[in-house]
Amino acid sequence: MHALLVIDVQNDFCPKGALAVDGGDEIVAGINAAMGRFDAVILTQDWHPAGHSSFASSHSAAPMSVVEMPYGPQVLWPDHCIQGTQGASFHSDLHSDRANMIVRKGYNPAIDSYSAFFENDHTTPTGLEGYLRTRAVTTLTLVGLATDFCVNYSAVDAARLGFDVTVDLSLCRAIDFDGSLQAATDGMKAAGVTLTNAKVA
Ligand code: VGL
Ligand code: ZN
């Protein structure tokens, strides 16, 4: 079984959103078109309580600065994807009705969760692995936002868990902050993730 895993296609990651990713909205139509080619469609939704520990505002720090958390370094983000807000909703054109499963992540106030599989402590599971295994999914294609954070962490975890993983870069957009996109690309390749449809300059 081959599943499409759509990462965080939410208003706050699209232009005018709180943590806008350049061109974040450009991928929506292509993702919708891809949905029909898979046995299962799973969406993830970044879903933070107000005052989340990944927010710069919770530390009186500047957005995009880095702090040391008990689980390692953590980038501090502008407030985004607060539970129940418009910013946390899926892009209105995304065919979210087609989702078999929606995985929410980042709801633990003390731990961020970039990956769809584990929180940033790399140990606390979201439950997605169990869902995929019980549905006999062995192959995953990842798309969504952002390439260098949540897509990257999800893809690497999936490969480590033994899934056959492809990231379709034409249906992803990156934050690309401080070399993060290059590091993510290198890390995904090293983990055995297949990267397809990269733009050729
Ligand atoms: C994301 C930063 C903070 C993402 C989520 O979806 O890539 N990035 N929260
Ligand atoms: Zn977040």
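A polar contact is a pair of N or O atoms within 3.5 Å. With that cut-off in mind, the surroundings of the two ligands in this predicted model can be described.

Ligand 1 is enclosed by a shell consisting of Asp8, Phe13, Asp46, Trp77, His80, Leu145, Ala146, Phe149 and Cys150, and by class this shell comprises six nonpolar, one polar and two charged residues. Three polar contacts of ligand 1 are listed below.

| Residue | Protein atom | Ligand 1 atom | Distance |
|---|---|---|---|
| Asp8 | side-chain N or O | oxygen | 2.6 Å |
| Ala146 | polar backbone atom | oxygen | 3.0 Å |
| His80 | polar side-chain atom | nitrogen | 3.1 Å |

The protein covers 100% of the 260 Å² of accessible area that ligand 1 has on its own, and the space that ligand 1 takes up is the largest cavity.

His80, which contacts ligand 1 through a polar side-chain atom, is also a donor of the zinc ion (ligand 2), where the protein donors are Asp46 (OD), His48 (NE2) and His80 (NE2), at 2.0 to 2.2 Å from the ion. Asp46, likewise a zinc donor, belongs to the shell around ligand 1 as well. Along the sequence, the donor residues of the zinc ion follow the spacing D-x1-H-x31-H.

Why is the arrangement around the zinc ion (ligand 2) irregular? The four donor atoms subtend angles of 88 to 169°, whereas a tetrahedral arrangement needs all angles to lie between 85 and 135 degrees.

Note on methods:
Residues are numbered from 1 along each chain as its sequence is written. Chains are lettered from A and ligands numbered from 1 in the order in which they are written. This is a predicted model: local features need pLDDT of at least 70, side-chain atom pairs count only at pLDDT 80 or more; totals for chains, interfaces and linings use all residues. Side-chain values use heavy atoms; hydrogens and water are left out. A residue is near a molecule or strand if one of its heavy atoms lies within 4 Å of it. A polar contact is a pair of N or O atoms within 3.5 Å; within protein, one must be able to donate a hydrogen and the other to accept it, and residues adjacent in sequence count only if both atoms are side-chain atoms. Accessible areas come from the Shrake-Rupley method with a 1.4 Å probe; for residues, only the protein chains shown count as cover. On a 1 Å grid over the protein atoms alone, a cavity is a set of points where a 1.4 Å probe fits but cannot get out, and a pocket is an open set with protein on both sides within 12 Å along at least five of seven lines; lining residues have an atom within 4 Å of a point. A molecule sits in a cavity or pocket if more than half of its atoms lie within 2 Å of its grid points. Ala, Val, Leu, Ile, Met, Phe, Trp, Tyr, Cys and Pro count as nonpolar, Asp, Glu, Lys and Arg as charged, and the others, Gly among them, as polar. Donors are N, O and S atoms within 2.8 Å of the metal (3.2 Å for Na, K and Ca); water is not among the atoms, so sites may look incomplete. Four donors count as tetrahedral if all angles lie between 85 and 135 degrees; four count as square planar and six as octahedral if opposite donors are over 155 degrees apart and all others between 65 and 115; anything else is irregular.
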